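Student: Please take me through this structure, beginning with the terms that the discussion requires.

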Amino acid sequence: MMNDTPIRVRIAPSPTGDPHVGTAYIALLNYLFARQRHGRFILRIEDTDRTRFVETSEQMIFESLRWLGLAWDEGPDVGGGYGPYRQSERTELYRAAVLRLQESGKAYRCFCTPERLEAMRKQQAAAKQPPRYDRTCLQLSPAQVSENLARQVPFVVRMAVPQPGETTFRDELRGEIRFDHANVDDQVLLKSDGYPTYHLANVVDDHAMEISDVIRAEEWISSTPKHVLLYQAFGWPAPRFWHMPLLRNPDKSKISKRKNPVSLIYYRQAGFLPAALINFLGLLGGGMPADLEQFNLAEMAEKFQFERISLGGPVFDLEKLRWLNGVYLRALPPETLLGELRENVFGESYLRQIVPLVQERIETLAQAADLADFFFRDEVAPPPEVYLPKKRSKEETLKMSSELLAGLEASDWTHPALEKTLRDLAEQSGWPAKEVFMLFRAILTGKTASPPLLESALVFGKARTLDRLRRFLEREKARK
RNA sequence: GGCGCCAUCGUCUAGCGGCCCAGGACGUCGCCCUCUCAAGGCGAAGAUCGCGGGUUCGAAUCCCGCUGGCGCUACCA
């Protein structure tokens, strides 16, 4: 183990969409850990999944974490002695590493097609066997391998988990955890596109970056034996592992966008103060002394105790966050509050985008406020008379609203994309397009007459629009 | 299904063998303050400490079993 080595921890988000509250939570914990142990806090971008890669995501991650005040000591944008800090720029490292493993027989090429793997899993499921790779390609003779290579059959590289066997590792919060290798699959290490999987990249990078403590979410516990096996295969010392409880939805499932706003962009735009959000996250899991309810980052760095963290997954209680945020807001000098409002609610660039949408529809200046009110409201609550299309039942309308939510969630936030989403929805459901648009209008604006719908949604933003849909659904479902 | 993790008021948590017929906070309810609504003050309801066995003079606290929740079970992280 690495006992006296300097403390180096990392947060490793992947740029696949909006920055997530869960990322903020783990980032906070890593940040605190580094601060109180005089270590370094590193930001590493895990962009090895090219199918889910979102261009704008990385920048949003930077901005959101900075907004929260969680500054990193090393990262893609600030540099450091262990770069590059983007995994897509480190692919040579992974290839070299995997080659070492292959040479020592600890990893092997697998030429199985996705179709075969799927069929295999289906069969295993039918036979009530646990789904795992059947090691067909481990039996391949050298001749067969070179033949496949010569024919350019696409392949992945898998790790050869020693069978039989077992792996034990220590979780700093839970103690020893043991896994029988019968339950550890021959993980894919290198994908057929040449990119590494998380498991490989994370181990190679954590070692290369001299990470001393891996502080990550609990969902990783079951893959930790794979990581430990990898460290052993490379002959590297493993870091300490601290698995943190998973944030939960009100129904206790892992926090998800369908049941909770999870985008940090949303929290920013909806008007939560970073200090309040940080304070709230610090309350979850209970690492702070029990008699303290309100504290800032500096106080947390001073008093937070990792050993105190309670292991049950905390529900992310929006109600309590709102209350806390209110406490912070009320404590602000009015001058500061004004500044916050100017910046976040009545922001210059926001107003600039809204003005042209209302200009054509006003006779007096004061009417602009009436027309644009929904841009500034936290919630609009249209009654059924407003949102229910004539001759549609409530059930039917709510179902369409759910589909609308799902569709918009998956949609890019551009005019053509939104338009296509709505029209496709109309076509699939048999609803006239105008009814779909009107329903969306009612939910977004609370009214049947509004500035241009798509333009309005564009300006209002994806995170908040989706939230409005979600809250609408929640409210109406609760009402019947 | 298999494997793993977890388990105190609706929610976040305090408690780490006697101070607990379990404390605080959010939420809920009531009262006060008050032109309204908030905020604030005061108070109330709310947990047989998931269940069953042990260990012990004594268990929310230790052990075992059960149950339940959650996670993982991808060429996603």
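Tutor: Helices (H or I, at least four residues) are DSSP runs numbered from the N terminus, and the expected span of a helix is 1.5 Å times one less than its number of residues. This is a predicted model, in which local features need pLDDT of at least 70, side-chain atom pairs count only at pLDDT 80 or more, and totals for chains, interfaces and linings use all residues. Residues are numbered from 1 along each chain as its sequence is written, and side-chain values use heavy atoms, with hydrogens and water left out.

Student: How far apart are the end C-alpha atoms of helix H1 (residues 21-36)?

Tutor: H1 has 16 residues, so at 1.5 Å a residue it should span 22 Å. The model agrees with this expectation, the end C-alpha atoms being apart by 22 Å.

Student: How many residues of H1 are buried?

Tutor: Buried means under 20% relative accessible area (1.4 Å probe, protein chains only). H1 is largely enclosed by the rest of the structure, because the buried residues number 13 of the 16.

Student: Why is Cys137 not bonded to the closest cysteine sulfur, in Cys112?

Tutor: A disulfide is a pair of cysteine sulfur atoms within 2.5 Å, and the structure holds zero disulfides. Cys112 is buried at 16% relative accessibility, and Cys137 is buried at 8%. The sulfur of Cys137 is too far from that of Cys112 for a bond, the separation being 3.6 Å.

Student: What is the phi of His38, which follows H1?

Tutor: His38 comes after H1. Its phi is positive, near 55°.

Notes:
Chains are lettered from A and ligands numbered from 1 in the order in which they are written. Buried means under 20% relative accessible area, exposed over 50%, partly exposed in between (1.4 Å probe, protein chains only). Helices (H or I, at least four residues) and strands (E, at least two) are DSSP runs, numbered from the N terminus.
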